[in-house]
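Colleague: Please take me through the labels in this model. For each one, I should like to see the criterion and the value that decides it.

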Amino acid sequence: MMGPSHALSGAAAWLAGSWAVDQFAGYHQTPLMIGVGTAMAAGGALLPDFDLSGKVTTNQGGATVARTFGVFSLFVAEVIEKISLGIYAATRQKRDPKRDHGHRTFTHTLPFAALVGWGTTELAAHYGKWAVVGIIFFMAGLALRGLFEKWAERAGWLIVTLAAAAIAWFTAANLPGDRGYPLLGFAVGAGCVVHLLGDMITKNGVPIFWPIPTGRNRMWRMVGIPNQFAVKVGGKTETVVLTTAFTVISLVSLAGLFAPVLLHRLNLDVWASSK
């Protein structure tokens with residue numbers, strides 16, 4: 001799937017999950033918490049594609065996520081791509097094909113999703129509010145790049161960076177400073193898992209079972225749905241059908257989260273004005 005679809009799927013999954021736990025588990029979140037969690041999940045749903053690098057010196061190519069912060073994020077993507085390729089080469093078995101790039105290898109596995117989720121939680125817990133602000137700055141930049149791709153392309157990486165900094169500043173001014181923020185790591189990890197599920201419905205699949213051997217002399221088996229049912233990357237099924245579905249899920253979830261509160265306040269206002 002393409003970057004915008006990944007980001008929107010992460011946001012939709014988080015909003016739907018937030019509505020579900022609100023309705024069935026009584027876990028209520030403030031609007032700011034919901035907004036931050038949605039940004040984390042949307043950004044997390046782009047993280048695995050940091051293994052698709054471009055041309056650092058010319059600020060070209062790479063995945064959507066790799067162009068978020070210009071040459072800086074392209075350089076990070078280059079490093080991650082080489083590390084992923086190294087992990088693949090070090091763990092591949094005889095029936096695993098040779099590769100000259102690291103895309104859809106280590107960052108497209110469940111251990112990677114667990115690692116970044118755990119790492120985010122640990123970073124926030126040990127270093128407090130300002131680490132949280134840094135995390136939000138980075139992830140908000142990814143979310144903006146994915147959810148508003150056309151705007152981000154026109155505005156350029158510097159404007160995206162400034163917008164992410166503004167979101168981080170607003171968060172710093174409004175989030176309490178005495179929490180471990182465990183939901184941040186959960187949201188990032190969940191976004192990564194949603195990314196894997198999205199790529200599993202495309203033709204190439206992902207090595208979701210790594211590092212468990214799958215068959216004889218095979219470690220990196222690409223797992224996905226049968227090719228006749230696979231979604232074409234960038235095709236109408238993705239850009240129209242899935243995008244529409246993710247948008248509807250997001251809007252319905254937002255309505256479910258906030259409409260009861262707004263109606264309650266409206267009823268209170270009407271009752272107060274009638275007295």
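Modeller: Let us begin with burial: a residue is buried under 20% relative accessible area, exposed over 50%, and partly exposed in between (1.4 Å probe, protein chains only). The model is predicted, so local features need pLDDT of at least 70 and side-chain atom pairs pLDDT 80 or more, whereas totals for chains, interfaces and linings use all residues. Residues are numbered from 1 along each chain as its sequence is written, and side-chain values use heavy atoms, with hydrogens and water left out.

Colleague: Why is R67 called buried?

Modeller: R67 has a relative accessible area of 18%. The limit is under 20%, so R67 is buried.

Colleague: What makes R67 and E153 a salt bridge?

Modeller: A salt bridge requires a side-chain nitrogen of Lys or Arg within 4 Å of a carboxyl oxygen of Asp or Glu. For R67 and E153 the N to O distance is 3.3 Å, and the side chains therefore meet the rule. R67 lies in the loop between β2 and α3 and E153 in helix α5, so the bridge ties together parts that are 86 residues apart in sequence. E153 has a relative accessible area of 44% and is therefore partly exposed. R67 and E153 also belong, with R145, to a network of salt bridges.

Colleague: How do you know where helix α5 and the other elements are, and how many helices and strands are there?

Modeller: Helices (H or I, at least four residues) and strands (E, at least two) are DSSP runs, numbered from the N terminus. By that rule the chain has eight helices and two strands, in the order α-α-β-β-α-α-α-α-α-α.

Colleague: How many salt bridges are there in total, and which residue does K82 pair with?

Modeller: The count is six. K82 pairs with E78, with the closest N and O atoms 2.6 Å apart. Both residues lie in helix α3, four residues apart, about one turn of the helix. K82, at 44% relative accessible area, is partly exposed, and E78, at 24%, is partly exposed as well. Another bridge joins R104 and D199, whose closest N and O atoms are 3.4 Å apart. This pair links distant parts of the chain, with R104 in the loop between α3 and α4 and D199 in helix α7, 95 residues apart. Both R104 and D199 are buried.

Colleague: Why is the aromatic pair of F69 and F138 called stacked?

Modeller: A pair of aromatic rings is described by the distance of the centres and the angle of the planes. Rings of Phe, Tyr and Trp (its six-membered ring) pair if their centres lie within 6.5 Å; planes under 30 degrees apart count as stacked, over 60 as edge-to-face and the rest as tilted. The structure holds 10 aromatic pairs. For F69 and F138 the values are 5.9 Å centre to centre and 25 degrees between the planes, and the pair is therefore stacked. F69 is in the loop between β2 and α3 and F138 in helix α4, 69 residues apart. F69, at 8% relative accessibility, is buried, whereas F138, at 32%, is partly exposed.

Colleague: What makes S84 buried, and which residues does S84 touch?

Modeller: The relative accessibility of S84 is 1%, against the limit of under 20%, so S84 is buried. Contact means heavy atoms within 4.5 Å. Leaving out residues up to four places away in sequence, S84, in helix α3, touches D51, G102, T105, F106 and T107. S9, in helix α1, is likewise buried, at 6% relative accessibility; outside its neighbours within four places, S9 is in contact with V194 and F246.

Colleague: Which residues make the nonpolar surface patch, and what qualifies them?

Modeller: Patches take residues with over 30% relative accessible area and no salt bridge; like charges are joined within 9 Å, nonpolar side chains (Val, Leu, Ile, Met, Phe, Trp, Tyr) within 5 Å. Accessible areas come from the Shrake-Rupley method with a 1.4 Å probe; for residues, only the protein chains shown count as cover. The members are V71, F72, L147, F148, W151, W157, L158, I159 and L162, with an area of about 810 Å². The largest share, four residues, comes from α6. F148 lies in the loop between α4 and α5 and, at 45% relative accessibility, counts as partly exposed.
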